[in-house]
Structure formats: structure tokens, C-alpha cells
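Work through these exercises with the sequence and the model open. Try each task before reading its solution.

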Amino acid sequence: MGGPSVEREVSLITGRACAAALREYGYEKVIEVDAGPDLCAVLTELKPDAVFNCLHGRWGEDGCVQGILEWLQIPYTHSGVLASAVAMDKQCSKDIFRAAGLPVVPSLIVPAQRVRESHVMTAPYVVKPNNEGSSVGVYLVSGENDGPPQLGPEMPEMVMVEAFAPGRELTTTVVGDHALTVTDIITTGWYDYDAKYKDGGSRHVVPADIPQEIFDLCLDYALRAHNALGCRGVSRTDFRWDEARGAAGLILLETNTQPGMTGTSLTPEQAQATGMSFPELCAWIVEDASCGR
């Protein structure tokens, strides 16, 4: 848990919550490791039976730590090297979704400086890093009159610009080969970092009160996205749904291979809604651990 990414604090919360859940379930020796430059040495000394990967963002979710664990031949949770790397690269994953017949919005990878100087796409559009999660560094340009977005210095040299998908925010978790349910995420504004992780930042309706056709499509699309990327263990796929357009208004945003497992997180909430407690979910994840993922 932890690690050096911009999502470090959320990862620490996820790690502590999962460790507590595993102890509650009955695992006798659960060791919390804050992943640093000495990670290889620490794991070599600990010789764990399995690693529960609670890292979020770069290095922990993009195939890097998965490569270390494959090299050390330590069974680990969630997706493997290739699926993690592909899912973390938003543009690459969009290409795979398109090839699988899944609905995504048009997008570009362009220099951040060009985005600061002029509109590179007809508004409304969204600017975000191509390889971060948790709505870190997301800019919404709502109209042409706004002027180009003045991206902060924290943004990478190359960014993704994608057409804004209006509508409700929906999400579906996949556990193994089964899509759990659909959550309708209700916020007063943009579903940003605070809305995701602060108490009261958003309200979750689970199962979502939406037409059965849209509900079933979310389950189908989430499982197809999980399989198209080659994910393993648990993943969560996020959608936007424009009610006025019916089924044609359902857009797949992205798939998370390391969904948050905090007190306000969506995946544990969906598991609970379908009869799986948080300790049971964590136990399933760790028992699913393997190499060669």
C-alpha cells in the first residue's frame, strides 16, 4: 500500500481497511508494507505467501509492481502486467474497447501546452492525464466561451482530451467472471477526488434505479471490458448515461483494475449489496492470488 503515486493517501486508507478485513476474516499474519524503493528487498525478506496489492495509480496499478512480483514469483492479487498496463493507459484501453464493440467517446492525445493555447476539440470536453486515476488532474471545459483550460504544472507533457459524455454516473464491479450490480453516483457537481473519497462527497444508489435494459447493459459492458483487457480478480468499470438517448446514451469511460477499497468506495458497497461482506470480498481476492496473471 502507499507507494509514490499521487494516489498515495487513498492507497494507504485502502491498505489499512483491507488488512483489518483480512484479520477479521481470520488470517493470522497480515503485514502492511508501505511500498518504497526497497520493496524488492522487503518482500525478499518477508517471503509472503501472497501479496494483496492495494496500490493505486502509477507504479502500483500500471504493471510495474506486477512485474516485480512476477520476477520474485510471489502470488499477487488483481490484474497482471499486461492488463494493468493497458487499462492504465486510457487511450490504449479505449482502442481495445472500440475493437470489442464497446461504446466510447472520441479522444486525442496532445501536448499539454497546445491545450493551454487553444481549443483542440469542440467543447464541451474533458482534459485529463492519460495514466492517472481517482479523477486526479481532470479539467472540464463546458463551452467555447470559456477559453482554453489553464492546466496546472502538475499535468504531464502529453494529456488526453476527450469529448464530454453528459448524463448520470454509473459504475459496475466485476468479481472473477461475474458482474455484481450497478451503482448510480449522485453528486452536486463533478465527480472529482473529493466527491470520491470525502464523507458526504457523493450519494450512492445501489442497485441503481434505472431501466432494466440499461442495468443489464452495464453488467454486460463491464464484463466484456474486463475480459477484453485481460483483467483478473476484481475490476470496476465506469459509465455515463444520457437518459434522453436511451441505450445509445450509455458510454463506457474506463475500467479500474485496482478499485478503491475505502469506507466510501464503490466496490465494497456493491459486494455488500449482493451478499458479500467486506472481509469475505478481501478473502476472495487474496485466495484468487497467483503468478502469471
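**Exercise 1. Contacts and overall form**

Among contacts in the protein chain between residues at least 6 apart in sequence, what percentage join residues at least 24 apart?

Solution. This is a predicted model: local features need pLDDT of at least 70, side-chain atom pairs count only at pLDDT 80 or more, and totals for chains, interfaces and linings use all residues. Residues are numbered from 1 along each chain as its sequence is written, and side-chain values use heavy atoms, with hydrogens and water left out.

- Step 1. Fix the term: a contact means heavy atoms within 4.5 Å.
- Step 2. Read off the share: 68% of those contacts join residues at least 24 apart.
- Step 3. Check the form. A compact globule with 293 residues would have a radius of gyration near 19 Å, and the protein chain agrees at 19 Å. The radius is taken over C-alpha atoms, and the globule rule is 2.2 Å times the number of residues to the power 0.38.
- Step 4. Add the box: the C-alpha atoms fill roughly 60 × 45 × 35 Å along the principal axes.
- Step 5. Add burial. Buried residues (under 20% relative accessible area, 1.4 Å probe, protein chains only) make up 52% of the 293 residues.

**Exercise 2. The five-stranded sheet**

State the strand order of the open sheet of five strands, and find its edges.

Solution.

- Step 1. Count elements: the protein chain has ten helices and nine strands. These are DSSP runs numbered from the N terminus (helices H or I, at least four residues; strands E, at least two).
- Step 2. Write the order: E7-E6-E5-E8-E9, with antiparallel pairing.
- Step 3. Find the edges. E7 (203-205) and E9 (250-256) each have a single partner strand, so one side of each lacks a neighbour in the sheet.
- Step 4. Take one pair. E8 (residues 234-241) and E9 are antiparallel over six bridges; pairing requires at least two bridges found by DSSP. Asp 238 stands opposite Glu 254 in E9.

**Exercise 3. Partners of E4**

Which residue in E4 stands opposite Ile 109, and which is the bridge partner of Val 126?

Solution.

- Step 1. E1 (residues 107-111) pairs antiparallel with E4 (residues 158-163) over five bridges. Ile 109 faces Met 160 there.
- Step 2. E2 (residues 125-128) runs antiparallel to E4, joined by four bridges. Val 126 has Glu 162 as its partner.

**Exercise 4. A loop proline**

Is Pro 153 buried or exposed?

Solution.

- Step 1. Locate Pro 153: the loop between E3 (139-141) and E4.
- Step 2. Apply the cut-off. Pro 153 has 84% relative accessibility, so it counts as exposed (over 50%).
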